[in-house]
Amino acid sequence: MNEKRLIPVETLASPAHMSIDFADDAQDLIAGYRRFRAHRYREARDLFYRLRDGQQPATMILACADSRADPAMIFDAAPGELFTVRNVAALAPPYDPEGGVHGVSAALEFAVTALQVKQIVVMGHGGCGGIAASLAAAADRPVGKFIAPWVEIAAPARDAVLADESIARKDWQEAVEHGAVGQSLTNLMGFPFVREAVERGVLQLNGAWFSIGKGELHWRDPETGGFSVVAAEDPELDRDNRM
Ligand SMILES: [Zn+2]
């Protein structure tokens, strides 16, 4: 790749008008830690103590590193419940046993062969900067030295969307976000230990997508690859979100 052509990563940043007062130094984080000790830790103290010698999560989540789509929060999970891997755009790389250092593959190997998780959920999300970078690359505007090659994992899904004339340009981003989840699930099946566990019926692979603006989870239909909203038990919120 010609580095001179690379688009600055800042193009993926959020608009400047979004000034929200979040933790931006050590003192802010330590204040948050003290709230954790006073509340959530106090509530989960016994569980933390029981977990001191090991973990037995039954679910692995592959999610985006995006600060707005936190699996532990979305699934209301307890400590020890979710084995979570997060990266740019929630991508599972293809199986590649030939050298290299593979962080996601190492986590996957541990989750499936040592922890023997019963399901893996790949969760994409709306407004994903990594997917935007994948679309930018298709327009000959690769973003970032490391981001551009990484998001190429989603290229088959992206190219399928771009080749589908029934999908309007304004819907490309979400369509690729959905397609990339499917691509990651396909890549997961390329790992021999994943395929073997799925074929033995001891491991399920699922896909999901989170709408940040609505706080809504959409679940992937494995037959069609389509996504549909998961009904929540709050009719008032559900109605508001439809408006
Ligand atoms: Zn993302």
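Two residues are taken to be in contact if their C-beta atoms, placed from the backbone, lie within 7 Å. The exercises below apply this idea and related ones to a predicted model.

**Exercise 1. Find which residues of helix α5 meet which residues of helix α8, and describe how the two helices are oriented.**

Step 1. On the α5 side, the residues that make the contact are Ile131, Ala132, Ser134 and Leu135, and on the α8 side they are Trp172, Gln173, Val176, Glu177 and Ala180.

Step 2. Sorted by character, the residues of this contact comprise six nonpolar, two polar and one charged.

Step 3. The axes of α5 (residues 129–138) and α8 (residues 172–189) come within 10 Å of each other and cross at roughly 110°. Because angles of 65 to 115 degrees count as roughly perpendicular, α5 is roughly perpendicular to α8.

**Exercise 2. Work out the order of the strands in the open sheet, and explain which strands stand at its edges.**

Step 1. The sheet is built from six strands, and reading across it gives the order β2-β1-β3-β4-β5-β6, with mixed pairing.

Step 2. Each of β2 (82–87) and β6 (227–229) has a single partner strand, so these two stand at the edges and one side of each is left without a neighbour in the sheet.

Step 3. Going from one strand to the next, the twist averages 25°.

**Exercise 3. Describe the surroundings of strand β1, beginning with its pairing and ending with its burial.**

Step 1. With β2, strand β1 pairs in the parallel sense over six bridges, and within this pairing Leu62 has Val85 of β2 as its bridge partner.

Step 2. Strand β1 (residues 59–64) also runs parallel to β3 (residues 119–125), to which five bridges join it, and here Ala63 stands opposite Met123 of β3.

Step 3. Helix α8 lies across β1, β3, β4 (204–211), β5 (216–220) and β6, and runs at about 155° to β3.

Step 4. Six of the six residues of β1 are buried, which leaves the strand mostly covered.

**Exercise 4. Place Leu62 and Val122 in the largest nonpolar core, and list the contacts of Val122.**

Step 1. The largest nonpolar core has 49 residues, and those with the most contacts inside it include Leu62, Val122 and Met123.

Step 2. Apart from neighbours within four places in sequence, Val122 is in contact with Leu62, Ala90, Ala92, Val181, Ser184, Leu185 and Gly207.

Terms used. Residues numbered from 1 in each chain as written. Predicted model: local features only at pLDDT ≥ 70, side-chain atom pairs only at ≥ 80, totals over all residues. Axes fitted to C-alpha atoms, helices over the stretch in contact; angles between N-to-C directions. Helix = DSSP H or I, 4+ residues; strand = E, 2+ residues; numbered from the N terminus. Parallel < 35°, antiparallel > 145°, perpendicular 65-115°, else oblique. Nonpolar A, V, L, I, M, F, W, Y, C, P; charged D, E, K, R; others polar. Pairing = 2+ DSSP bridges. Buried ≥ 20, exposed ≤ 12 C-beta atoms within 10 Å, placed from the backbone. Core = buried A, V, L, I, M, F, W, Y, C linked by C-beta atoms within 7 Å.
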